[in-house]
Amino acid sequence: MNKAFVREPESDGRAFCPRCGALGSPVEHQVLNRYVRPESRSMLGDTAWFCAFPRCDVAYFNLFDAVVSAAELTAPVYPKDLDAPICACFGLNYDDVAADVADGVPTRLRANMDRAKTAARCEQLAADGRSCAGALQELYLRLRGAR
C-alpha cells in the first residue's frame, strides 16, 4: 500500500525524549527563559518538554528533536544533579529528605507541603514546571525502603 494514503497517528500531547525515550513534562516559555542559557534558548521555541530521566544528558527537547543538555542550563536542576534543590520554590533538597528518613519522621517534607499549599509557584520556578510533591514523596519512600 502506498504511504500517501496512510493516515498519520494523531498527537495526544505527549512527547518522548529523543535520546532516552522517557516521557517528557511540558514546560512553558517562563521556565525555559529561567533555566536555558540565552545562546541555547532559541533552539526550542515557546514550549518544550523536560526529560526527568536522571542519567539522560538531555534537559529540554522539542518535537523537532532539538535538545538542550543539562550542561547548557543556567543552574543545576534535580534530578540531573542530586545536589540541586528538588523544590525550586523553597529549596528542599536531597539532604533534607535523607535527614527526614534518618530522623524517622518527615518533618521537613510536611513543612514543605504546608508552605506549598499557599505560596508555591511551581509552574514558573520548577525546571519541569510541576509541583515537587511527587518527586519528594518518591525519594522519601525510596530512601526509607533502602534503610
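In the predicted model, the largest pocket encloses about 390 Å³ of space. Its lining comprises 23 residues, of which Tyr 78, Pro 79, Ile 86, Ala 127 and Asp 128 are the closest to the pocket centre. By class, the lining of this pocket consists of 17 nonpolar, 3 polar and 3 charged residues. Two helices, H1 (29-35) and H6 (133-146), each contribute at least two residues to the lining of the largest pocket.

The secondary structure of the protein amounts to 6 helices and 4 strands. Read from the N terminus, the order of these elements is β-α-α-β-β-β-α-α-α-α. The C-alpha trace spans about 65 × 35 × 30 Å along its principal axes.

Strand pairing was examined next. Strand S2 (residues 48-50) runs antiparallel to strand S3 (residues 58-61), and 2 bridges join the two. S3 is in turn joined by 3 bridges to strand S4 (residues 67-69), again in an antiparallel arrangement. Tyr 60 of S3 takes part in both pairings: Phe 50 stands opposite Tyr 60, and Val 68 is the bridge partner of Tyr 60 in S4. The hairpin formed by S3 and S4 has 5 residues between the strands, and within this hairpin Asp 65 adopts a positive phi near 65 degrees.

With respect to solvent exposure, the protein presents about 9000 Å² of accessible area, 52% of which is supplied by carbon and sulfur atoms. Of the 147 residues in the protein, 37% are buried. Among contacts with a separation of 6 or more, 56% are made by residues 24 or more positions apart in the protein.

Asn 112 provides an individual case of burial. This residue lies in helix H4 (residues 107-119). The relative accessible area of Asn 112 is 0%, and Asn 112 is therefore classed as buried, the cut-off being under 20%. When neighbours within four places in sequence are left aside, the contacts of Asn 112 are with Cys 87, Phe 90, Leu 92, Cys 132 and Leu 136. Asn 112 thus combines a relative accessible area of 0% with contacts to residues beyond four places in sequence, including Cys 87 and Leu 136.

Conventions:
Residues are numbered from 1 along each chain as its sequence is written. This is a predicted model: local features need pLDDT of at least 70, side-chain atom pairs count only at pLDDT 80 or more; totals for chains, interfaces and linings use all residues. Side-chain values use heavy atoms; hydrogens and water are left out. On a 1 Å grid over the protein atoms alone, a cavity is a set of points where a 1.4 Å probe fits but cannot get out, and a pocket is an open set with protein on both sides within 12 Å along at least five of seven lines; lining residues have an atom within 4 Å of a point. Grid points are joined across faces, edges and corners, and a volume is the space filled by probe spheres set on the points. Ala, Val, Leu, Ile, Met, Phe, Trp, Tyr, Cys and Pro count as nonpolar, Asp, Glu, Lys and Arg as charged, and the others, Gly among them, as polar. Two strands pair if DSSP finds at least two bridges between them. Buried means under 20% relative accessible area, exposed over 50%, partly exposed in between (1.4 Å probe, protein chains only). Contact means heavy atoms within 4.5 Å. Accessible areas come from the Shrake-Rupley method with a 1.4 Å probe; for residues, only the protein chains shown count as cover.
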